[in-house]
Amino acid sequence: FYGLILDTKEPMILSTTDETAVFPKRETDPFQKMAIYDVCSGMGGFTMGSAPLGIDTIAFLETSAFACDVLRENFQIPVIHGDVADTRCVRALHAMKPQGFVQVTGGFPCQPFSRQGDMKGEQDVRGTVLASILRCSWLLQADALLLECVDNVTHFSEIMKTLEVFAERSEEHTSELQS
């Protein structure tokens, strides 16, 4: 549900408006084709790596106007210029959701976690983007989530705990791949 309003707190009653949208959870068949939402897309690296495998990208979601221009120039895929933390942008992605297995891919900013950066973690505003990607994945009811960041991010216990809790609550598991 997107756009519900709170009518009363005790008991909690939610109501719809003209802006409310409902996207029911779709059943997936393990043999259906995979498609991805490429959020925090940058120049489209996940899509460039996925396309040769026959994986379609549904849409890009990117905050940088320059990166959006590059994505539009290089791909024939819808580009949403906006913030992954903005529910309106996630709702726009959800409206494009196809049948089948859907994965969210996202590279979150490395500067807060990099040894060459300031290593402030979630104290750096860019360090909060991961939580927005996780929320986006949850709202989109994604079947899988693929994240990318610097390897040093694994030394930030609050990030690892966030991933662990998200995986547990979404009844998924985590695995770490290194290049």
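This note goes through the fold, the central sheet and the aromatic pairs of a predicted model.

1. Overall make-up. The protein contains five helices and seven strands, and along the sequence these elements follow the pattern β-β-β-α-β-α-β-α-β-α-β-α. Of its 179 residues, 39% are buried, while the exposed area of the protein comes to about 10,900 Å², with carbon and sulfur atoms supplying 54% of that area. Among contacts between residues at least 6 apart in sequence, 55% join residues that are at least 24 apart.

2. The sheet. Five strands make up an open sheet in the order β5-β4-β3-β6-β7, and their pairing is parallel. At the edges lie β5 and β7 (144–148), each of which pairs on one side only. Neighbouring strands of this sheet are turned against each other by 15° on average, direction ignored.

3. The pairing of β3 with β6. Strand β6 (residues 101–107) pairs with β3 in the parallel sense, and six bridges connect the two. As one point of reference for inspecting this pairing, Val39 has Gly106 in β6 as its bridge partner.

4. Helices on the sheet. Helix α2 packs on the sheet and touches β4 and β5, with its direction making about 170° with that of β5. Helix α4 (residues 129–139) also packs on the sheet, where it touches β3, β6 and β7, and its direction makes about 160° with that of β7.

5. The pair Tyr2 and Phe23. The count of aromatic pairs comes to two, and one of them is formed by Tyr2 and Phe23, an edge-to-face pair with 5.7 Å from centre to centre and 80° between the planes. This pair links distant parts of the chain, since Tyr2 belongs to the segment before β1 (5–8) and Phe23 to the loop between β2 (13–15) and β3 (34–39), 21 residues apart. Tyr2 has a relative accessible area of 3% and is therefore buried.

6. The pair Phe60 and Phe75. Here the ring centres are 5.1 Å apart and the planes stand at 50°, so the pair is classed as tilted; the tilted class takes in angles that are neither under 30 degrees nor over 60. Phe60 lies in strand β4 (residues 56–62) and Phe75 in the loop between α2 (65–74) and β5 (79–81), so that this pair, too, links distant parts of the chain, 15 residues apart. Both rings belong to buried residues, because Phe60 has 0% relative accessibility and Phe75 has 16%, where the cut-off for buried is under 20%.

Methods. Residues numbered from 1 in each chain as written. Predicted model: local features only at pLDDT ≥ 70, side-chain atom pairs only at ≥ 80, totals over all residues. Heavy atoms only, no water. Helix = DSSP H or I, 4+ residues; strand = E, 2+ residues; numbered from the N terminus. Buried < 20%, exposed > 50% of the residue type's maximum accessible area, 1.4 Å probe, protein only. Contact = heavy atoms within 4.5 Å. Areas by Shrake-Rupley, 256 points an atom, 1.4 Å probe, with all protein chains shown as cover. Phe/Tyr/Trp six-rings, centres within 6.5 Å; stacked < 30°, edge-to-face > 60°. Pairing = 2+ DSSP bridges. Axes fitted to C-alpha atoms, helices over the stretch in contact; angles between N-to-C directions.
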